[in-house]
Structure formats: structure tokens, C-alpha cells
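Got the model loaded in your viewer? Here's a walk through it, one selection at a time.

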Amino acid sequence: MNAIHNTNHTGSRNSPPALDHPQLANIFTADQARAHWHDGALWFVRQKRDRMAKAIPEWEELRSLASQIKAHALANLPEYLELFERQATEMGAVVHWAADGQQHNQIVYDLLKENRAQRVVKSKSMLTEECHLNPFLEAHGIEVVDTDLGEWIVQLRGEPPSHIVLPAIHIKKEEVSETFHQHIHTEEGNYDPTYLTRQARHHLRQKFLGAQAGITGVNFAVAETGGLVICTNEGNADLGVSLPNLHIACMGIEKIVPRWIDLSVFIRLLARSATGQPITTYTSHFHGPRVGGQLHIVLVDNGRSAVRSHHTFQEALHCIRCGACMNTCPVYRRSGGHSYSNTVPGPIGSVLAPAMDAHKHHSLPYACTLCGSCTDVCPVKIPLHHQLLAWRGEMAERKLIPLSKRLSMKMGRIVLGNSLLFRTGGWLARFGLRMLPKWLTHHRLNTWARQRDLPIAPKQSFRALFQQRKKRHQD
Amino acid sequence: MRVGLFIPCYVDQFYPQVGMATVEVLERLGIEVDFPEAQTCCGQPMANTGCLDDTRPLADRFLQIFSGYDHVVSPSGSCVSMVRHHYEALFHNDARLHHLSEHTWELCEFLVDVLKVEKLPVRFPHRVGLHSSCHGLRELRLDACSERMGNQHSKVRRLLAGIDGIQLVDLKRCDECCGFGGTFAVAEEGVSILMGVDRIEDHVASGAEVMTATDASCLMHLEGIIRRRNIPLRTMHVAEILAGRNWQ
């Protein structure tokens, strides 16, 4: 066991602190320089995406096509999953079905045990993060090493990823240097990215060579061929499944696309939306196990069927996990991925998380200004901000919003529902703002006014001015 | 043409000059507007909180008050979007709503789409930063947004660009949200303030003297930060510029 596995992941990965998004966001924004740096790093990626999208004249048509293909695939999901299973099996793969994260973890563990695999390398897979596979396997004495550089950095630090494509985007190179120094004894104070990357490469290479199994995620599973597509920039998935004989590919059931040709739409959208690259460095197709090896594919539901059967939220399953909604979200960029307390953060995470546990994630649909940028940037056209609005309706219906909010909305309805009450209330507010001393209107309990002035109250309302104007015109 | 003026509740009480500017712009173009006195609020604050039971009575009220008009015009993209896109979830197959949602307009789009205005005979010799309020931008498509590719309409920007003497500045982030977001401004204070400060700094760095927007709510939040920090930037609603108001 090396240092990685002495780190206790279970606490940080499985049970996020019982704080709401605003509280966690306030902690992140308290360090303004850092929040600013984080915002800038992600905005840079968003701009790269814009340049790539602009270079494709049919960009908007591609988005529409992708959305239609996903809608079709989801409408016929059982048929396509079965077709995929038949085709994959025919090529020699073994397909497993997991209803939830627990079953998924058990299936993976049993496979490793059967094959006496103690050392495992894993390429980036948000599904295994979602199922908390690492702590489960570690508790059974298996060494799992995340081989995506960003994932490995957060693994060493005992943190969950803060972004689905850029897991360590919240960490500065100086901090990476400290982490490496602590765990793999790199030179203290050497922040040179090339040096650090070489050290990581050297260390991970030993892990690859010693691995007895490779676990990967899946970007697309093609029903008609039974093939898998895995996209990486580091080639770590390829190496991880080429050296050991056992390849376990874990995927959510929504990763299915019907035809091989459909990839011509999704591959063009994925990397451009994700990182502003025309294509990932490696786009690897797997058709059955390699000679002498085994390929196991674990199909995981874990709440997806429930989302699929929900009329309002089913489109959330179109998601191809590109992360573009995170890069564009002005809230995510300034509050950091950990403020969402969910494997998938940002707009899509705020739609998916409450479907798993509405009580725990009640604040996420409100971690949003409803600006709609996510909806327009999404390569598969998920109406994200409308889904977040719909979630708010669900939260209110299930009484999962704070009582103070519920009461103030009720009050609002009463005052605004009566023109006399509204006019009187308005008059009082304006009069009070004009007459009361500033310390009485701008006190600490008035959250609006802690860092903002209230409007300068006019003497007369619009309706009064309008009446006067009408009178003047009539006279 | 019977045109009903819909003045958002907080504009009525705190930004009457925006309402008056709207009236002037329309009257100069020969449109006589009617302001139904019973109006209060479209219900958006409740709807955006998810409290649909508290929204329905207000939306119902709005429908009763405004369904008799040929057109309803408002100096707010956000409130118009509420009526046009979000009332549908509250009423099922109400014929009145069908008419209302198709004939409720944000001021600039009413000028461009209905009145076919190309140019307004006013002068505003200042450097102006246009803050594209999100709901006007992405729900009503009043201007081109940076996420979408291909040809897009430009209504607010075109109207402003046609004004004598005006100089529209180029922002680094042409359409990022200001962080108002209704109750978000209070519930997520930390992020809201950072977003507002970033927008203001972008306008200041771009040399803007005046920051304008289609929604007074964004400006209320931004102006609040500007005044607290004594930043040399003035906020004006688009209607005020279109009405040829002086900047002081």
C-alpha cells in the first residue's frame, strides 16, 4: 500500500458536508482572488469552445441532430440496450446489469476477485465517482489508481473532482507541487508544470505496468455494433486496458447511441464543447475483448430510469458529460465545483442531483440566476435553466424550501394581489427609504444592503406621474 | 390599436422615470398608451421561487386586466418573458392567454417588430455599454447571444446604434449575467456580488460612461454596487436613452 491508499476517501467522497450551496459558495467567494482565478480559467475554456463552434457552419444543426438522436435513443432505450447486449456479447464481451451503485460496485469487485486482481488502474469515469467505487474497492483491499492526471491529483488529495472534464481545475500548480512532494517525493517548491507532469508520468507508468485490471468509463456505446467509444487526451484509458488482460468498462445506460454513424454527430460536438479541441487526442473504439483478454461491460441504472420516466426531466439524460454548462455557468465559475456537493456539479448536476435526493440537494436549483447560458451552450440542447425552474416548483410543492421563503412569497401574493395594498406598501417603502436614516435601512440583517445600496426612492410612483401627465394633456 | 402599458411593480414604485420614458417613446411614434390602474405584478418572483400556488392568482389577475388590449408593451424583457413563456404552465388552453402571450412585447421588440422603427430621432453623445439582460437575450432573443452560432436578430443593439452621437463600447464578456437573478441576489449574496462587480469592471474598463439594459432589475442590483463603491459609471434603462433623456 502506498501513500494514496492511506488517504481515507470515504469521508470526503461519500458524505459531503451538510451545507447548502450558498454557504459553500460563500466560503469559496470569500477568497476573491481565487474565485476570480477560477472564473478566468473556465471562461478561457468557454472562449475556446466558442472559437471551435464558430468554425463549424452547421453547428446549430449538429446540436439539433444530437438532441433528436438522443431523444430517439431514450424513447427506445430498452430495445437498444438489448441490441447492444446481443452485439457486444457476440463479439465476446460480457454484459452485466446493475440497478444501482451498490450493485455496480459489487459486480466490479466480484470480477476483480475472480481474476485475483489486487492492483487496478482506472481512467476517468464519472459513473464510478457517482457510485463511489474507489472507497468500496479500497475497503476490500484493492488498490485503485486514477490515471487521468487531474483525477489522480484529486485522488492523492482525498478530494472529489470539482469538474467532470477538468477534475482538478480548482487546484493551482503550487498546490499540485505540494501534493506531489508529499506523496511521490518530488522536489519541494518546484512548480514547473513540465517537471510535475513528467514525475506524474513516471510514477503512473509503474502503476500501469503493475496493474492486473483496467477500469474505464464509456463515452458512447453503439447499439448496432456492440462497440464502445472512449475519449481521452492522455491515452491513459488505452494503456490501462492494453497491459492487463481484464478490461471492465462501466457506463450509465443513457450512453447508448443507436448507430455507428451517429458518432459522426457526437464526436464532432463532444471535444469542441468540452475543451475547445476539434477532437480528443485519443478516440478509441473497442469491439470485444482483445486476443487473450476479457472485456466486461457494466450497464448501470442508478436512478436513470426514474429520470427517463419523468416528462419534465427526461431530456437531462441526453447529457454527454462535456462540461460546457459548467464552463459557461457564471455561478459555477465563481462558486467552484465542490459547492454543489455532488459528483456532477454545475447546471446539469443541479438537475440530476435532486432526482437522486431532493431533500439533500434542495438548494441546487436555486444556485442559478436563470440566465439560460447553459441551455444555449449545451451541445444536446437540454433546456437546463427551464429544468432548474421546474425543480423549484417541485421543491416548493414538496415543502423543501425554507419557511421564510414560503412565507415571503405568500405575503407577496397578498400584497401584490390587491392594488390598494400594493400602492400603500409601495408608498410606505418609498417614504421609509427617504425618511429613515441609512443605518436603519442598510443594516446587517438586510442581505441586499450589506454590499449594495438600496435604490434612491422617488417621491412619486409611476402611476401618480402618469395620472398627472394625463391630466395635463387633458387640460 | 389599443396598447396597454405594463409597468413592472418595482419600476412603478422605484423607477418611475423608466415608465415615463417608455410612455414618451411610444407617444412620439403616435401610439396612445393606456395604463390600467389595477395592475400590480406579473407573478415572476413567486414563479421563480417555485411557488406556483402563489403565482396563479397574480397571473390570473394579469390576464383579466390585460387581455382586452391589441398589444401589451413593457420596459422589461424579464416580465414579458414570464407572460409569454411561463404563463402557459399555469393555464391550460386558455384562449385569452394565447392572444396575450403573442401580443405582449418588450419595448424594443415592439418598436422593431411591430412598429418597424429603424431609427429614433434622438441624440445621446456618450459612450454606452449595453448590458444584455439575460431574459431579454435568451428567452426573447432580443439580440445575438455569444453561445449560439449563425445569424441572429439584433433589436436592442440596432436601435441603440442608430442613435445620434452614441458610441457603443465593446465589452470583454458581451453577455454574461450580472448576478441579480431575483431572490438569488439575496440567497446567494457572495456569488451575486462577485458577478455584479465583474460586469461593472468590464464596462468601466471598456470606457463606458453609461451602462444600459432592458431590465431595471439588473440595473437596480448593479447601481446598488456602483453607489456603494463610488464607481464612476452611470446606469440608465434603455427606454431612457431611446426617449432622448440627458444623462445627468
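**First stop: a strand in the middle of things**

Select strand 6 (residues 227–232) of chain A: 6 of its 6 residues are buried, so the strand is largely enclosed by the rest of the structure. Buried here means 20 or more other C-beta atoms within 10 Å of a residue's own, exposed means 12 or fewer, and partly exposed is in between, with C-beta atoms placed from the backbone. Helices (H or I, at least four residues) and strands (E, at least two) are DSSP runs, numbered from the N terminus.

Some housekeeping before you click on: this is a predicted model, where local features need pLDDT of at least 70 and side-chain atom pairs count only at pLDDT 80 or more, while totals for chains, interfaces and linings use all residues. Residues are numbered from 1 along each chain as its sequence is written, and chains are lettered from A and ligands numbered from 1 in the order in which they are written.

Now show the side chains of strand 6 of chain A. Gly227(A), Val229(A) and Cys231(A) are buried on one side, and Leu228(A), Ile230(A) and Thr232(A) are buried on the other, so both faces are covered.

**Widen to the sheet**

Which strands sit around strand 6? Add the rest of the open sheet of chain A: 4 strands in the order 8-5-6-9, with mixed pairing. Strand 8 (256–257) and strand 9 of chain A are at the edges with a single partner strand each, so one side of each has no neighbour in the sheet. Two strands count as paired if DSSP finds at least two bridges between them.

Go through the pairings one by one:

- Strand 5 (residues 220–222) of chain A runs antiparallel to strand 6 of chain A, over 3 bridges. Look for Phe220(A) opposite Val229(A).
- Strand 9 (residues 282–286) of chain A is also antiparallel to strand 6 of chain A, over 5 bridges. Here Cys231(A) has Thr283(A) as its bridge partner.
- Strand 5 and strand 8 of chain A run parallel, joined by 2 bridges. Val222(A) stands opposite Val257(A).

Stay with the hairpin of strands 5 and 6 of chain A for a second: there are 4 residues between the strands, and Gly226(A) takes a positive phi near 75°.

Next, bring up helix 14 (residues 263–275) of chain A. This helix lies across strands 5, 6, 8 and 9 of chain A, and runs at about 20° to strand 6 of chain A. Axes are lines fitted to C-alpha atoms, for helices over the stretch in contact, and angles run from 0 to 180 degrees between N-to-C directions.

**Two odd phi values**

Most residues other than glycine have a negative phi. Chain A offers a couple of exceptions to centre on. Arg321(A) has a positive phi of about 55°, and is found in the loop between helix 15 (304–308) and helix 16 (324–328) of chain A. Arg321(A) counts as buried because it has 20 C-beta neighbours inside 10 Å. Then jump to Ser341(A), whose phi is near 50°, in the loop between helix 17 (330–335) and helix 18 (346–356) of chain A. Ser341(A) is buried too, with 22 C-beta neighbours inside 10 Å.

**A crossing of helices**

Select helix 21 (residues 403–416) and helix 22 (residues 419–435) of chain A, which pack at about 110° with their axes 6 Å apart. That makes the two helices roughly perpendicular, the label for angles of 65 to 115 degrees (under 35 is roughly parallel, over 145 roughly antiparallel and the rest oblique). Ile414(A), Val415(A) and Leu416(A) in helix 21 meet Leu421(A), Phe422(A) and Gly425(A) in helix 22, where contact means C-beta atoms, placed from the backbone, within 7 Å.

**Zoom out**

Colour chain A by domain: domain 1 (3–306), domain 2 (311–397) and domain 3 (403–474), with bounds from an automatic or database domain assignment. The centres of domains 1 and 3 of chain A, taken over C-alpha atoms, are 51 Å apart. Chain A has 25 helices and 10 strands, and its C-alpha atoms fill a box of roughly 95 × 55 × 45 Å along the principal axes.

**Last stop: the other chain**

Finally, turn on chain B, where 57 residues are in contact with 60 residues of chain A. Among the elements giving two or more residues to that side of chain B are helix 4 (52–66) and helix 11 (189–205) of chain B.

Methods:
Two residues are in contact if their C-beta atoms, placed from the backbone, lie within 7 Å.
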